[in-house]
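Let's take a walk through this protein model, one piece at a time. Have the sequence and the 3D view side by side as you read.

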Amino acid sequence: MANFGLGDLRVVNPYEVAFREAVSAVGGAPVLKKARVFETVAEAVADCSLVVGTTAAQKRELQQPIALVQAGMQAIREHAGRVALLFGSEKFGLSNDDMSYCHSLLRNPTAPGAPSMNLGQAVAVCLYELNREAGVKPRRSKPDLIEGTDAEQLTKMLLDVLEKSGYTNRITAVSTEQKIRRWVRRMRLTQRDIPLLLGILRQVLWKFDK
């Protein structure tokens, strides 16, 4: 991250012993020392209006659009709001629940026989592609897309409505939550949409409770 001029590192639920040892190491990079730790992905991306996940895309039924890193970085460069580039753990990558917070996915063009990259290498390749056209001024998208906090509020209220209506049950609750979270992000809602949608859902919930 320091090589490519980025400093906002956010770490979700790290292995505490190894993470603290790295942070306190003599000569540790300033980026690592300033890293913020979160318990969940939702908290880590709460202020981001675009979340792009990374995956090797092997033996997974993906629900979001996926692009090679060269093409996918264009949307990141053009986005006017805060963007999160989300990487999974070294061993397991991103879970289905992690990816439900993503608007889209990227993959590096690796050989079929060895699709998974070392985490540090994957980060370096992605950030290199992000900065490869740093001298070209991108066309910026509209800056008023909703952030993760609003997306999660809308997701939770939609789930409340579905539960009270009998649409969901304990068996399907987890998969339904992931589907609704992905759907909310696919809609690319703006800040102007949120008050109307939340107002509608509050009225529906009030009717159910009444």
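Start with helix H8: its buried residues pack against helix H5 (96-99) and helix H7 (148-165). Keep in mind that what you're looking at is a predicted model. Which residues of H8 are buried? They are Thr176, Gln178, Ile180, Arg181, Arg182, Val184 and Arg185.

You can also check the length of H8 yourself. The helix covers residues 173-186, which makes 14 residues, and at 1.5 Å a residue they should span 20 Å. The end C-alpha atoms are 20 Å apart, so the expected span and the model agree. Just after H8 comes Arg188, which takes a positive phi of about 50 degrees.

**A strand with cover on both faces**

Now find strand S3 (50-54). Is S3 largely enclosed or largely open? Five of its five residues are buried, so the rest of the structure largely encloses this strand. Look at the two faces in turn: Leu50, Val52 and Thr54 sit on one side, Val51 and Gly53 sit on the other, and all of them are buried.

S3 has strand partners too, and here they are:

| Partner of S3 | Sense | Bridges | An example pair |
|---|---|---|---|
| S5 (residues 83-86) | parallel | four bridges | Gly53 and Leu86 |
| S6 (residues 104-107) | parallel | three bridges | Val52 and Ser104 |

So to trace the pairing by eye, pick Gly53 and look across to Leu86 in S5, because that is the residue it stands opposite. Then go to Val52, whose bridge partner in S6 is Ser104.

**Down the loop from S3**

Follow the chain onward and you reach Leu62, in the loop between S3 and strand S4 (66-68). How exposed is Leu62? With a relative accessible area of 25%, Leu62 counts as partly exposed, because buried would need under 20% and exposed over 50%.

What does Leu62 touch, if you leave out residues up to four places away in sequence? The contacts are Thr55, Ala57, Met99 and Leu105. Leu105 is 43 residues away from Leu62 along the chain, yet their C-alpha atoms are separated by 9.0 Å.

**A nonpolar patch on the surface**

Last stop: Leu196, Ile200, Val204 and Phe208 make a nonpolar surface patch of about 350 Å². Phe208 belongs to helix H9 (residues 193-209). At 40% relative accessibility, Phe208 is partly exposed.

Conventions. Residues are numbered from 1 along each chain as its sequence is written. This is a predicted model: local features need pLDDT of at least 70, side-chain atom pairs count only at pLDDT 80 or more; totals for chains, interfaces and linings use all residues. Side-chain values use heavy atoms; hydrogens and water are left out. Buried means under 20% relative accessible area, exposed over 50%, partly exposed in between (1.4 Å probe, protein chains only). Contact means heavy atoms within 4.5 Å. The expected span of a helix is 1.5 Å times one less than its number of residues. Two strands pair if DSSP finds at least two bridges between them. Patches are made of residues with over 30% relative accessible area and no salt bridge: like charges are joined within 9 Å, nonpolar side chains (Val, Leu, Ile, Met, Phe, Trp, Tyr) within 5 Å. Accessible areas come from the Shrake-Rupley method with a 1.4 Å probe; for residues, only the protein chains shown count as cover. A salt bridge is a side-chain nitrogen of Lys or Arg within 4 Å of a carboxyl oxygen of Asp or Glu.
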